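Let us walk through this structure from its overall layout to its core and then out to its edges. Keep the sequence beside you as you read.

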Amino acid sequence: MSIYEEIEFEDLNYDPKTQMYTYPCPCGDMFSISLEALWDGEDIATCPSCTLRIEIIYDEEDLPELREESESEDEDEKGGQGEEGEDDKEVNGLAEKSKKVLTIK
Ligand SMILES: [Zn+2]
């Protein structure tokens with residue numbers, strides 16, 4: 001298993017809709033790795049069209065907060081903080097905006 005290149009986290013393209021990081025592959029496709037995978041400690045992004053892979057250089061503190069899409073585990077975190085969770089959509093929108101600000105350096 002060989003690494004084609006080591007890529008700085010800042011150089012990746014981030015899509016907040018899918019929470020996926022991508023980087024152009026020389027074959028014309030894109031390396032991709034999900035934010036969730038990064039939080040899980042994964043640092044290898046693969047290309048779906050060839051066997052190349054890149055290693056992402058990052059610190060966990062660089063990562064934007066992971067947005068839970070599936071089940072609302074949010075309720076545990078927010079419990080008792082005065083936020084009732086009815087504004088979830090708005091909160092997510094704000095989080096997305098701040099993510100963009102954080103990502104574009
Ligand atoms: Zn490729």
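Helices, of at least four residues, and strands, of at least two, are DSSP runs numbered from the N terminus. By that count, the protein has 3 helices and 6 strands. Bear in mind that the model is predicted.

Start with the order of the elements. From the N terminus, they run β-β-β-β-α-β-β-α-α. The protein has 105 residues, and buried residues make up 10% of them. Now consider contacts between residues at least 6 apart in sequence. Of these, 42% join residues at least 24 apart.

Next, the strand pairings. Strand β3 covers residues 20–24 and runs antiparallel to β4, with 5 bridges joining the two. The two strands form a hairpin, with 5 residues between them. In the turn sits G28, with a positive phi of about 105°. One bridge can be named: P24 has M30 in β4 as its partner.

A second hairpin lies further along the chain. Here 6 residues connect β5 to β6. Strand β5 spans residues 44–46, and its pairing with β6 is antiparallel, over 3 bridges. A45 has I54 in β6 as its bridge partner.

Strand β6 also pairs with β1. This pairing is parallel and has 4 bridges. Within it, I7 stands opposite I56 of β6.

Now look inside. Which residues make up the largest nonpolar core? It has 11 residues: L12, Y21, C25, F31, I33, L35, L38, A45, C47, I54 and I56. Three elements each supply at least two of these core residues: β4 (30–34), α1 (35–39) and β6 (53–57). There is a general background to this. In soluble globular proteins, nonpolar side chains tend to be buried together.

Two of those strands show how the residues are divided between faces. Along β4, the side chains alternate. F31 and I33 point to one face and are buried. M30, S32 and S34 point to the other face and are not buried. Strand β6 has two faces as well. I54 and I56 form its covered face, while R53, E55 and I57 form the uncovered one.

L12 is another member of the core. Set aside its neighbours within four places in sequence. L12 is then in contact with I7, Y21, T22, Y23 and I56. Among these contacts, Y21 and I56 belong to the core too.

M30 deserves a closer look. Its place is in strand β4. Why does M30 count as partly exposed? M30 has 16 C-beta neighbours inside 10 Å, whereas a buried residue needs 20 or more. Beyond residues up to four places away in sequence, M30 touches T22, Y23, P24, C25 and C47. M30 and T46 are 16 residues apart along the chain, and their C-alpha atoms are separated by 8.2 Å.

Move to the start of the chain. I3 lies in the segment before β1 (5–8). Is I3 buried or exposed? I3 counts as exposed because it has 12 C-beta neighbours inside 10 Å. The cut-off for exposed is 12 or fewer. I3 still has partners further along the sequence. Not counting residues up to four places away, I3 touches R53, I54 and E55. I3 and E55 are 52 residues apart in sequence, and 6.5 Å apart in space, C-alpha to C-alpha.

Two loop residues finish the tour. Q19 sits in the loop between β2 (13–15) and β3. Phi of Q19 is near 55°, a positive value in a residue other than glycine. Q19 is partly exposed, since 19 other C-beta atoms lie within 10 Å.

The second is L66. Its place is in the loop between β6 and α2 (74–78). L66 is partly exposed, with 13 other C-beta atoms within 10 Å. Which residues does L66 contact, leaving aside its neighbours within four places in sequence? They are L35, E36 and W39. L35 belongs to the nonpolar core. Between L66 and L35 the sequence separation is 31 residues, and the distance in space is 6.8 Å, C-alpha to C-alpha.

Key: Residues are numbered from 1 along each chain as its sequence is written. This is a predicted model: local features need pLDDT of at least 70, side-chain atom pairs count only at pLDDT 80 or more; totals for chains, interfaces and linings use all residues. A nonpolar core is a set of buried Ala, Val, Leu, Ile, Met, Phe, Trp, Tyr and Cys residues joined through C-beta atoms within 7 Å. Two residues are in contact if their C-beta atoms, placed from the backbone, lie within 7 Å. Two strands pair if DSSP finds at least two bridges between them.
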